[in-house]
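Colleague: I've got a model open and I'd like to get better at reading its strands. Could you walk me through a few?

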Amino acid sequence: MFLLILPWLNVLLSASVSSCDAFLLLPQSTIGGATRTTTTDSQRWPLLDASSSQQEEDDEKKKHVVIVGGGWAGFSAADALAHASDNTNLKITLLDAAPRGKGGLAGGWRTPQGRPVEAGIHGFWREYTNTFAVMERIGLDLDNDVLTPFTPSVLYSNNGRVAVAPVLIETEEKEEPPPAPQELLAELLQSVVKSPLSASSSSPDKNLLKPLAALLPVPLDLALLADFDSSSAVSLTPADRISAIGLLGAWADFGQEDEQSWARYDAISAENLFVQKAGVTQTLYDELVLPLLHVLPMCPGYDCSAAAALSCFHVFALQARGAFDVRWCRGAIAEKIFNPWAEQLTSNNDVTIQGNSKVASIQQQQDKNGFEITLADNNNNTLQCDAVVMAVGGTAMGRLAPESPAFASVPIAKDFDKLRGVTCVAVRLFLKPNEVVTNNLRGGQYDATQAPPSVAQAMKESPVTVCGPKMGGIPELEGTGFCIYDLQRLHDEFAVSNNNNNNNDTTAVLEVDFFRADDIANLPDDKVAELALAAIAATFSLPTTQMPTSDDIVDLAVVRARNAVSHFAVQSASFSPPVKLYKGMYMAGDWIDRAGHASWSTEKAVVTGRQAAKALLEDFSLIMPQQKQDVCSIIPAAPDSPTLSSLRQGAKVLRSVVPPPGDGVPASPWSFVKSVMARDRQLS
């Protein structure tokens, strides 16, 4: 019944971002006697470069491919090309604009005091199957070294805690089949009779609901198991949850990999879909939908494409049972993933990674088939190549395309400058450790923290808290969502047990990542730190006496990624290009081919990177060794459940017989009646 409940679990800021040239750190200064972790040019990590000892004559026989962009999309394309070509017919150069660690906005670096910093925390959802496959092929030990167990998340609105999302699939092992449906139904009815459900009553016993949920299709299983808070100032009533069934028509009608569906739903806003079309209650929209929109597609409902919202919710919650279950990296992604990845790519001279290399323009060479790439450096250095893979974000392409004749013949490229970005600000607070160690906490890799006890208790159910806008009436948070992380419970390096072995550098570590944070990005570091502490206090309704002060900050990192995250606004999908523009020019990233593979964020970047590599190899007739064919293969998205598949078939039949009027988006019965009555009143 409660169709929309699950999407929120995804709060993770899947913010896997595509652009890699938008970092800004203020000059080094002090706050509360602590050194801020601002980086100078001399402290930035150089990217690893492959050996230049290859013989020139061998290089001339190879096709030269230049990949522009060093994030997930760029590395995935380089990885697929290097392994598929077997280093016999390709020379690959990867240009990364970032002057620091590898991985674009997913990467990071070390502060002058040696503490790790990165541009926001990134999650890995259960349906990131292609991403996991790539990491395993690199040789990473995901379970024992790189990723945490699947971890629940907690959602807060400006009125307080909304819900805790459980981890639906605790183990990959086959579970015992649940009791027969009739037996469960009888027990459930007895439970309801004993304690009727009302706006203020508690839910039936979870031990009963869990096997019952196993019989239900996605997303009703999560709706049944999510722990909704009835103590909040504004709690969700059964009527609020039931109103979400108004989304059933759109949920069944929207085809995740259908271009017509994307065009239809991309033309209206998410707010229009949820409020006007589906008719969800205002409370459900404010308490559940709005916070999710602010931290998943990272924009308010009026400025978010309905197609993007449905796609995002589908991938992170509706796609399959447990789709919203999420894991977190146990350290900086640059160190845990991108550094070993880069070393593997460059070790056999397959790939040259050239850091601090921002592209100024690209043009096709007139005398031969190929391209000339001009770098935005003092010398305007150039590279000649046979093919280009563009693996940068939409806003970066919007700046580059008008300066590059290579895109002049591509009609869709003329609209790249209409693409917008979302500004994110990541704040990492290294705090004096509290004398009291709070233990037996749930979720994450570790169950203990030295964060202030009040904060630790507020986050006892999970080290990850997802927060909607308007928190605490703070002006800077009016249109800004954010996530709070206790990194002592997620990262190995910060764990209490490791801190005890290094008492000279013991710190508690909290991170606050702000989304749609243009105004916050303009604040100086000390004000951003104060705002982060105020946001934590407002979320958990904590008095200032129970919160750290600036004097408790021993180190601080503020990373500003201006307009760097893809903004999926209304009509933005119409500016999304295919993976192949023409022979020799390919695209990859989370904003590419939106109606293609049903994936999002990091997974979409990985998929399109591999698809670009495959298209290039096919275009240039580069024969892949048979044993490496799987390098460019794509794991399909999870198929629709039988229930959803049946609903989709019914929606197609209904659309062919009685197409929805107006913009073609189906409305809920009560919204349709309401619109008819309003029209009649206007005519009378």
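Modeller: Sure, and keep in mind that this is a predicted model. Start with strand β4, residues 63-68, which is mostly covered: 5 of its 6 residues are buried.

Colleague: Which strands does β4 pair with, and in what sense?

Modeller: The general idea is that strands of a sheet pair through backbone hydrogen bonds, either parallel or antiparallel. Here, β4 runs parallel to β5 (residues 90-95), with 6 bridges between them. One pair to click on is Val 66 and its bridge partner Thr 93 in β5. β4 also pairs in the parallel sense with β17 (residues 387-390), over 4 bridges. There, Ile 67 stands opposite Val 389.

Colleague: What about the sheet with β14, β15 and β16: what is the pairing there?

Modeller: Those 3 strands make an open sheet, ordered β14-β15-β16, with antiparallel pairing. β14 (359-364) and β16 (382-385) are the edge strands, each pairing on one side only. On average, neighbouring strands in this sheet are turned by 20° against each other, ignoring direction. Between β15 (residues 371-375) and β16 there are 4 bridges, and Ile 373 has Leu 383 in β16 as its bridge partner.

Colleague: Now a single residue: is Thr 423 buried or exposed?

Modeller: Under 20% relative accessible area counts as buried. Thr 423 has 2%, so it is buried. Thr 423 sits in strand β18, residues 421-431.

Colleague: What does the side chain of Thr 423 make a polar contact with?

Modeller: With the side chain of Asp 518, at 3.1 Å. Beyond its sequence neighbours within four places, Thr 423 is in contact with several residues, including Phe 514, Ala 521 and Asn 563.

Terms used. Residues numbered from 1 in each chain as written. Predicted model: local features only at pLDDT ≥ 70, side-chain atom pairs only at ≥ 80, totals over all residues. Heavy atoms only, no water. Helix = DSSP H or I, 4+ residues; strand = E, 2+ residues; numbered from the N terminus. Buried < 20%, exposed > 50% of the residue type's maximum accessible area, 1.4 Å probe, protein only. Polar contact = N/O pair within 3.5 Å; in protein donor to acceptor, adjacent residues only side chain to side chain. Contact = heavy atoms within 4.5 Å. Pairing = 2+ DSSP bridges. Axes fitted to C-alpha atoms, helices over the stretch in contact; angles between N-to-C directions.
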